[in-house]
Amino acid sequence: MDKFIKNLIEGNNFPPKGSVAFTSSDHVRFQNNQDISGHNYGANRRLVIEKKY
């Protein structure tokens with residue numbers, strides 16, 4: 001993970017091997033710096049970044 005963070009700082013958005021997943025079950029929507037939706041529990045989302053081959 002440390003190498004992935006270092007790569008991100010250097011502008012390389014791909015993990016050194018495999019993939020990295022970010023999972024969330026909640027989000028709050030902001031518009032003009034104001035919370036306009038409250039919590040949206042159960043709004044499951046997953047972002048996966050895979051190594052470029």
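The radius of gyration is taken here over C-alpha atoms, and the value for a globule follows the rule of 2.2 Å times the number of residues to the power 0.38. In the predicted model described here, the protein chain has a radius of gyration of 15 Å, whereas a compact globule of 53 residues would have one near 10 Å. The C-alpha trace spans about 40 × 25 × 20 Å along its principal axes.

The secondary structure of the protein chain consists of one helix and four strands. Read from the N terminus, these elements follow the order α-β-β-β-β. Of the 53 residues, 9% count as buried. The surface exposed by the protein chain is about 4700 Å², and carbon and sulfur atoms supply 50% of that area. Contacts between residues at least 6 apart in sequence were also examined, and 42% of them join residues at least 24 apart.

With regard to charge, the protein chain carries 8 positive and 5 negative charges, whose mean positions lie 9 Å apart. The count of salt bridges comes to one. This salt bridge joins the side chains of lysine 6 and glutamate 10, with an N to O distance of 3.8 Å. Glutamate 10 has a relative accessible area of 56% and is therefore classed as exposed, the cut-off for that class being over 50%.

The loop between α1 (2-9) and β1 (19-24) contains phenylalanine 14. At a relative accessible area of 35%, phenylalanine 14 is partly exposed. When neighbours within four places in sequence are set aside, the residues in contact with phenylalanine 14 are Phe4, Asn7, Ile49, Glu50, Lys51 and Lys52. Leucine 47 stands 33 residues from phenylalanine 14 along the chain, and the C-alpha atoms of the two are separated by 13 Å.

Serine 25 is placed in the loop that lies between β1 and β2. Its relative accessibility of 43% puts serine 25 among the partly exposed residues. Apart from residues up to four places away in sequence, serine 25 touches Asn40, Tyr41, Gly42, Ala43 and Asn44. A further distance was computed between serine 25 and arginine 45, which are 20 residues apart along the chain; their C-alpha atoms are separated by 6.3 Å.

Two asparagines occur in the loop between β2 and β3. Asparagine 32 is found in this loop, which connects residues 28-31 of β2 with residues 34-39 of β3. Although asparagine 32 is not a glycine, its phi is positive, at about 55°. Asparagine 32 reaches 70% relative accessibility and so counts as exposed. Asparagine 33 is likewise found in the loop between β2 and β3. Its phi is also positive, at about 65°, although asparagine 33 is not a glycine. The relative accessible area of asparagine 33 is 78%, which places this residue in the exposed class.

Technical notes. Residues numbered from 1 in each chain as written. Predicted model: local features only at pLDDT ≥ 70, side-chain atom pairs only at ≥ 80, totals over all residues. Heavy atoms only, no water. Buried < 20%, exposed > 50% of the residue type's maximum accessible area, 1.4 Å probe, protein only. Contact = heavy atoms within 4.5 Å. Areas by Shrake-Rupley, 256 points an atom, 1.4 Å probe, with all protein chains shown as cover. Lys, Arg positive; Asp, Glu negative; His and termini not counted. Charge placed at Lys NZ, Arg CZ, Asp CG, Glu CD. Salt bridge = Lys/Arg side-chain N within 4 Å of Asp/Glu carboxyl O.
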